[in-house]
Amino acid sequence: MSTPVKQTSATPLGRPHAGVGDRFRLWWNAQSRPAQWAFGVPFILFIALVPILNIPVLTTVGTNFGAVMAQFGMIALIAIGLNVVVGQAGLLDLGYVGFYAVGAYTVALLTSPDSPWNQTGEGNWLSQDWAWLAVLPVAVCITAISGLLLGSPTLRLRGDYLAIVTLGFGEIVRLLADNLGEITGGGRGLSQVAYPQLGQTEANPGGLFSAGNVAGRINSGVWWFWLSLVLIMVVLLFVGNLERSRVGRAWVAIREDEDAAEIMGVPTFKFKLWAFTIGAAIGGLSGALYAGQVQFVTPTNFNVINSVLFLCAVVLGGQGNKLGVILGAFIIVYLPNFFLGRTDLFGIPINGNEIANYRYLFFGLALMVLMIFRPQGLLPARQKLLTYGRQLYVAARRTAKRQHGDAGTGDQHGTTGAEEVSR
Amino acid sequence: MPLLEIKDMTVGYGRIEALHGISLSVESGELVTLIGANGAGKTTTMRAISGVRPLTRGSIMFDGQDITRMKAHLRVLAGIVQAPEGRGVFPGMTVQENLDMGHYARKFANKAEYQATLDHVFELFPRLKERRAQMGGTMSGGEQQMVAIGRALMARPRLLLLDEPSMGLAPMIIQQIFRIVSEINATGTTILLVEQNAQQALSRSDRAYILETGEVVKSGPGPELLADPAIKEAYLGVA
């Protein structure tokens, strides 16, 4: 009796046909915390240095590579936020660009001289130097509230209905921005949005983060990329902790089977609203970054097609896997820019601009191919290891040790659960 | 005082009324069965008791407390736990994780209590212990039913609602499931069972209600109803 028990409970860990991702996850979980830092920190440093190293294969021809990486950072933030909503809680949100817009417009409305609500001028409460940083939390809060407001009536809907309503929300935000000309400047948009004032020199009067800082390797794009990297890590820590908490387990249960979750005593509406609000806040954060980087917002930047593109990043990368969706964001941002302005690839003459123009076609095709061959995405989430991750591994290792010593019954999963309870 | 008392409960889906004012009660420690054909309103009754479906009229009392308007997750806290129809196992979670979702709302005071409850579930369903690391979605129908019941037991229900545990299972498995249902009841858990399989359900239950198109048409002790000629004809297929 005890032998088959051991075998079956060992399978998810030592499964012979586990994919590369699972093997990596196992290996990663097997490392001690210091070892994880020892691998993780150089890797993050490398990512941070990519725009400076200017690796010939990676670099972009038509646009500044730093700017591309900055854009990647923002879309990665968006993908992480959208992943909370779509990947974790399983709520299909097609209007995510609306939150991005709310975040960007909050910053622009409060800091652009074109806006009637500008607070940066003489005698107003925002100081010129700190305006962007001061408005950042405001933008995040307002976006979170917008998520709450949109969520409370709509999250009673499910599946396709929710998708349609959120799609409408995205359009409403854009149309409001376009038509409230008095406030938002309509189609002209809002210019001279505040940005972090840092490192002004004579050669570079706007500072490091200014859109005017385009010269050299470490231009404004690189600085924005670094800033977004820091924010990404903060958000990843926050979201990661949530996922491992009771909230995360409630989300997984809701995604798997909402009725069953309700019957198990999960207040589903409350947790769906949480997912929506947190996702919205992260989208707003990214929008605020965007407004600061470009220093200019117009409604056309927030077309619905962007929502689809964000969703594409999440689905392409792997719903539910935070690293996966970051990879998805990278692909979505980088590939079109890679082709932009390129006239030959490995000696073959190509018209890169045309290829970049048809990016929606190619992403559409890529999604279709993916749905057939790898519906779970490039870096799929392993739900089980997602919720229990480390504990499962630690428990299994403990059992393995015990089995080395003597033939214990190997009750490792019981202990796993108990640890979960005690937390 | 009955543990569960339903009075004149009316539930509708839009304009269509599925239950036309049914009344039933479950005493503490009883195994009560609700028998009915497809569309009689069995599952609707369960959903209303669980709080997933609102009542249009009538009341539900649980342990002397009016829970008619209580939210579903609070009812779980109060001790009403359902193993849903069609099993409702979380397909992407392992058996162990499914079981752990059972006590999501009703947390254990300590590890020992958790372990004792888990051991009890594994004692009832040794199969689950073997398959604890397997994904819920890859289990057979019978095993999924076991997961659903086991998961409900992890919440230590005061009233266990079982919605058609025999649905779509082989006769052998049905026998096994019903035996375990009796066993759970024997250890002191009050059970309200909804069934189409009248033979098994009636022979094992203390009392039973016959539900027809949203109305209770007959009630009485299980074995007595089993002997009733009209019921024999309608639900057991013997003239």
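In strand 5 of chain B, B:D66 is the residue that bridges to B:M61. This pair belongs to a predicted model, and it sits in a short stretch of pairing: strand 4 (residues 57–62) and strand 5 of chain B run antiparallel and are joined by 2 bridges. Right beside it, B:F62 stands opposite B:Q65 in strand 5 of chain B. The two strands make a hairpin with 2 residues between them, and B:D63 takes a positive phi there, near 55°.

B:F62 also looks the other way, towards strand 1 of chain B, since B:L4 stands opposite B:F62 in strand 4 of chain B. Strand 1 and strand 4 of chain B pair over 5 bridges, in the antiparallel sense. Put together, 4 strands of chain B form an open sheet with antiparallel pairing, and the order across it is 2-1-4-5. Strand 2 (16–26) and strand 5 (65–66) of chain B are its edge strands, each pairing on one side only. As for the side chains, in a regular strand they alternate between the two faces of the sheet.

What lies across this sheet? Helix 1 (residues 42–50) of chain B does, crossing strand 1 (4–13), strand 2 and strand 4 of chain B. The helix runs at about 70° to strand 2 of chain B.

Chain B has another open sheet, this one with 6 strands in the order 6-7-8-3-9-10 and with mixed pairing. Strand 6 (80–83) and strand 10 (215–221) of chain B stand at the edges with a single partner strand each, so one side of each has no neighbour in the sheet. From one strand to the next, the twist averages 20°. At one end of the order, strand 6 and strand 7 (residues 159–163) of chain B pair in the parallel sense over 4 bridges. One of the residue pairs here is B:A83 with its bridge partner B:L162 in strand 7 of chain B.

Helix 7 (residues 171–186) of chain B packs on this sheet, where it touches strand 3, strand 7 and strand 8 of chain B. The direction of helix 7 makes about 155° with that of strand 8 of chain B. Helix 1 of chain B turns up again here, lying across strand 3 (31–36), strand 6, strand 7, strand 8 (190–195) and strand 9 (207–212) of chain B. Against strand 7 of chain B, helix 1 runs at about 150°.

Over in chain A, the model has 18 helices and 4 strands. Of the 423 residues in chain A, buried ones make up 48%. Among contacts in chain A with a separation of 6 or more, 74% come from residues 24 or more positions apart.

Helix 12 (residues 268–294) of chain A is worth a look. How far apart should its ends be? With 27 residues at 1.5 Å a residue, helix 12 of chain A should span 39 Å, and its end C-alpha atoms are indeed 39 Å apart, so the two values agree. Helix 12 of chain A is mostly covered, with 24 of its 27 residues buried. After helix 12 comes A:Q295, whose phi is positive, near 60°.

Finally, confidence. Chain A averages a pLDDT of 82, and 86% of its residues score at least 70. Two stretches of chain A stay under 50: residues 1–17, with 19 contacts beyond four places in sequence, and residues 406–423, with 39 such contacts.

Conventions. Residues numbered from 1 in each chain as written. Chains lettered and ligands numbered in written order. Predicted model: local features only at pLDDT ≥ 70, side-chain atom pairs only at ≥ 80, totals over all residues. pLDDT = per-residue confidence, 0-100. Contact = placed C-beta atoms within 7 Å. Buried ≥ 20, exposed ≤ 12 C-beta atoms within 10 Å, placed from the backbone. Pairing = 2+ DSSP bridges. Axes fitted to C-alpha atoms, helices over the stretch in contact; angles between N-to-C directions. Expected span 1.5 Å × (residues − 1).
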